[in-house]
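Grab a pencil and keep the 3D view open. Below are some short exercises, each with a solution worked out step by step.

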Amino acid sequence: MALSQAPAQGGHRLALRNIHKRFGSVVALSGVNFEVDVGEVVALVGDNGAGKSTLTKIMSGAYRADEGEILFEGQPVHIASPEDAGRLGISAVYQDLALCENLDVVANLFLGRETGPRSLPPPLRPLDEYAMEARAIEVLSGLAVKLPSLRRPVSFLSGGQRQAVAVSRAVLWGSKVVLLDEPTAALGVEQTAMVLRLVRQLRDRGLAVVLISHNLSDVFRVADRIIVLRLGRRVASFRVDETNRNDVVAAITGGNELAEAGP
């Protein structure tokens, strides 16, 4: 069942309205609307070239929309860079994870934000390893993330464990919206289950989660809503508990022209 109406605007943690983006003569996005609420997982799906990555990068500040409006907690905002997005509380976890493989888990969680005495400038400031490790344990435990050691280089961790570290870093720094780009790609069954449990934990903590995925099985396991993009346009929106995989596939491929675009 396609949704023809979005939730009331006042409830949105993040909303994008009438977003347009071109790259030269290529129209990547044309009048796209998107919304995600507090404590909600919204899956963004579509074939390659549908515009998922472009829309996500506009949310994260990596790209700037040519036209359209972005609202955060109901207020218009200007996101011109990843720093702007970070100040609002929007974090993106891309497929490359942006982890330093030679550093341990604690160092990766605090990379660039190390804790130490404020009386000294950063180059001379000794690290408060105890405080950082204690905080890391607190965040990881709160997300039910289990790792063999916090002091081993992340290169020794599995793919699912690395995803958990990257996502935990977003939570550690108070993110309100987490963008997850193909978080289960190339993972085995056990590691995929671990990452999907983590996505549910984020939702249960009241974060807004945007899940970009080609894996509809994973989407149906964790998402509350599914928004479908095709050829740069939003073509359908579904509640997971009111639809099925065939309806979503039809919207992705254009096989069901009755699917109604969201507002």
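A salt bridge is a side-chain nitrogen of Lys or Arg within 4 Å of a carboxyl oxygen of Asp or Glu. Keep in mind that you're working with a predicted model.

**Exercise 1. Salt bridges**

Find how many salt bridges a search of the whole structure gives, then work out which parts Glu101 and Arg162 tie together.

Solution.
- Step 1: the search of the whole structure turns up 16 salt bridges.
- Step 2: zoom in on Glu101 and Arg162, whose side chains meet in a salt bridge at 2.6 Å, N to O.
- Step 3: Glu101 sits in the loop between β6 and α3, while Arg162 belongs to helix α5, so this pair links parts that are 61 residues apart in sequence.
- Step 4: check the surroundings of Glu101, and you'll find a relative accessible area of 38%, so Glu101 is partly exposed.

**Exercise 2. Another pair**

Do the same for Glu133 and Arg151, which also meet in a salt bridge.

Solution.
- Step 1: the N to O distance for Glu133 and Arg151 is 3.0 Å.
- Step 2: Glu133 is part of helix α4 and Arg151 is in the loop between α4 and α5, so the pair ties together parts 18 residues apart in sequence.
- Step 3: partly exposed runs between 20% and 50% relative accessible area. Glu133, at 27%, therefore counts as partly exposed, and so does Arg151, at 35%.

**Exercise 3. Odd backbone angles**

Look at phi for Asn18 and Ala186. Which of the labels buried, partly exposed or exposed fits Ala186?

Solution.
- Step 1: remember that most residues other than glycine have a negative phi.
- Step 2: Asn18 isn't a glycine, yet its phi is positive, near 55 degrees. Asn18 lies in strand β1.
- Step 3: Ala186 isn't a glycine either, and its phi is positive at about 65 degrees. You'll spot Ala186 in the loop between β7 and α6.
- Step 4: the cut-off for exposed is over 50%. Ala186 has a relative accessible area of 87%, so Ala186 is exposed.

**Exercise 4. The largest pocket**

Describe the largest pocket: what is its volume, and which element gives the largest share of its lining?

Solution.
- Step 1: the largest pocket holds about 580 Å³ of space.
- Step 2: its lining has 23 residues, and those nearest the centre are Ile90, Ser91, Ala92, Arg113 and Arg169.
- Step 3: β6 supplies the largest share, with four residues.
- Step 4: sort the lining by class, and you get 14 nonpolar, six polar and three charged residues.

How values were computed:
Residues are numbered from 1 along each chain as its sequence is written. This is a predicted model: local features need pLDDT of at least 70, side-chain atom pairs count only at pLDDT 80 or more; totals for chains, interfaces and linings use all residues. Side-chain values use heavy atoms; hydrogens and water are left out. Helices (H or I, at least four residues) and strands (E, at least two) are DSSP runs, numbered from the N terminus. Buried means under 20% relative accessible area, exposed over 50%, partly exposed in between (1.4 Å probe, protein chains only). On a 1 Å grid over the protein atoms alone, a cavity is a set of points where a 1.4 Å probe fits but cannot get out, and a pocket is an open set with protein on both sides within 12 Å along at least five of seven lines; lining residues have an atom within 4 Å of a point. Grid points are joined across faces, edges and corners, and a volume is the space filled by probe spheres set on the points. Ala, Val, Leu, Ile, Met, Phe, Trp, Tyr, Cys and Pro count as nonpolar, Asp, Glu, Lys and Arg as charged, and the others, Gly among them, as polar.
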